[in-house]
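Please work through the exercises below with the sequence and the model side by side, trying each task before reading its solution.

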Amino acid sequence: GDEVGGSVQWHCSGPIDTLLLPAAGSAYEFQVLGRIFEGGLTVDPFTHQDVYWLLTDYDFEPYVNATEGVEYGTHLTVEVRRNVYWQDGSVFDAYDVWFNWNYTDWIAPPGFATDIQRTFIRANIIDNRHAEVWINGTGIWIIYSYLGAIASFHPEIYFNNPTQNFTSWSQMETFEPWKTDYDTWMGTTGHPGLTCLIGTGGWIFVEWDEVAGVVHLTANR
């Protein structure tokens with residue numbers, strides 16, 4: 001039968017100034033980015049309850065270490081869902097979670113995942129589906145920050161690529177991934193029309209008509 005879905009154009013009811021995720025701050029920008037990027041949890045639209053998404057489980061326990069100056073800390077362990085892929089077709093696994101925690105702390109983008117920059121101690125890969133992090137802080141909102149910020153940065157685009165390694169926010173803040181061709185940036189072939197604005201989400205970015213205020217996305221199959 002006919003395929004369901006395909007593409008969609010959203011007319012945003014307010015201005016979009018950037019589609020660089022760490023720099024985004026308005027509801028209109030996240031109206032678009034929220035369809036491209038995902039976190040460990042999501043909200044069930046019917047029950048409004050938090051449910052697992054990129055993760056299938058997480059657990060946490062108190063962590064105290066006088067040497068590190070941690071009196072009220074947290075040890076968080078997560079389990080990554082099987083068969084999750086970035087929109088370029090590469091596998092999303094515990095390495096990506098580990099990378100995102102470390103990288104968010106390292107580049108310290110303003111206003112983005114500030115709980116991580118303020119509380120991150122270290123992280124570790126247990127195996128390809130499990131990662132753990134030690135946090136100098138406690139509370140469910142800090143934990144939610146870590147669960148949410150596991151797929152913000154594709155490692156090969158932002159760090160392990162032949163074109164540019166972003167090692168600070170001052171280097172990254174002028175990057176325009178929505179205007180950057182993926183294959184050109186990565187030195188690859190086989191991804192026609194794909195830009196560097198990719199996540200793991202259900203919609204893939206195609207173009208942003210800044211004059212009309214329209215963003216064109218296509219279904220991620």
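In these exercises a residue is called buried under 20% relative accessible area, exposed over 50% and partly exposed in between (1.4 Å probe, protein chains only). The model is predicted, so that local features need pLDDT of at least 70 and side-chain atom pairs count only at pLDDT 80 or more, while totals for chains, interfaces and linings use all residues. Residues are numbered from 1 along each chain as its sequence is written, and side-chain values use heavy atoms, with hydrogens and water left out.

**Exercise 1. Determine which residues of helix H1 are buried, and what covers them.**

Step 1: Locate H1 at residues 27-36 (helices, H or I, at least four residues, and strands, E, at least two, are DSSP runs numbered from the N terminus), where Glu 29, Val 32, Leu 33 and Ile 36 are buried. These residues lie on the same side of H1, because they cover an arc of only 90° around the axis, the arc being that of the directions from the helix axis to the C-beta atoms.

Step 2: Recall that an α-helix has 3.6 residues a turn, so residues three or four places apart point the same way.

Step 3: Look for the cover, which includes strand E8 (203-209) and strand E9 (214-219).

**Exercise 2. Work out the order of the strands in the four-stranded open sheet.**

Step 1: Follow the pairing (at least two DSSP bridges between two strands), which is antiparallel and gives the order E4-E5-E7-E6.

Step 2: Identify the edges, strand E4 (55-65) and strand E6 (120-127), each of which pairs on one side only.

Step 3: Inspect E5 (residues 70-80) and E7 (residues 130-135), which are joined by six bridges; Val 78 stands opposite Ala 131 in E7.

**Exercise 3. Find which parts of the chain are tied together by the salt bridges of Arg 122 and Arg 129.**

Step 1: Apply the criterion, a side-chain nitrogen of Lys or Arg within 4 Å of a carboxyl oxygen of Asp or Glu; a search of the whole structure finds five salt bridges.

Step 2: Take Arg 122 and Glu 68, whose closest N and O atoms are 2.6 Å apart. Arg 122 lies in strand E6 and Glu 68 in the loop between E4 and E5, so this pair ties together parts that are 54 residues apart in sequence.

Step 3: Take Arg 129 and Glu 79, which meet at 3.7 Å, N to O. Arg 129 is in the loop between E6 and E7 and Glu 79 in strand E5, 50 residues apart.

Step 4: Compare accessibility: Arg 129 is buried at 15% relative accessible area, whereas Glu 79 is partly exposed at 22%.

Technical notes
Contact = heavy atoms within 4.5 Å.
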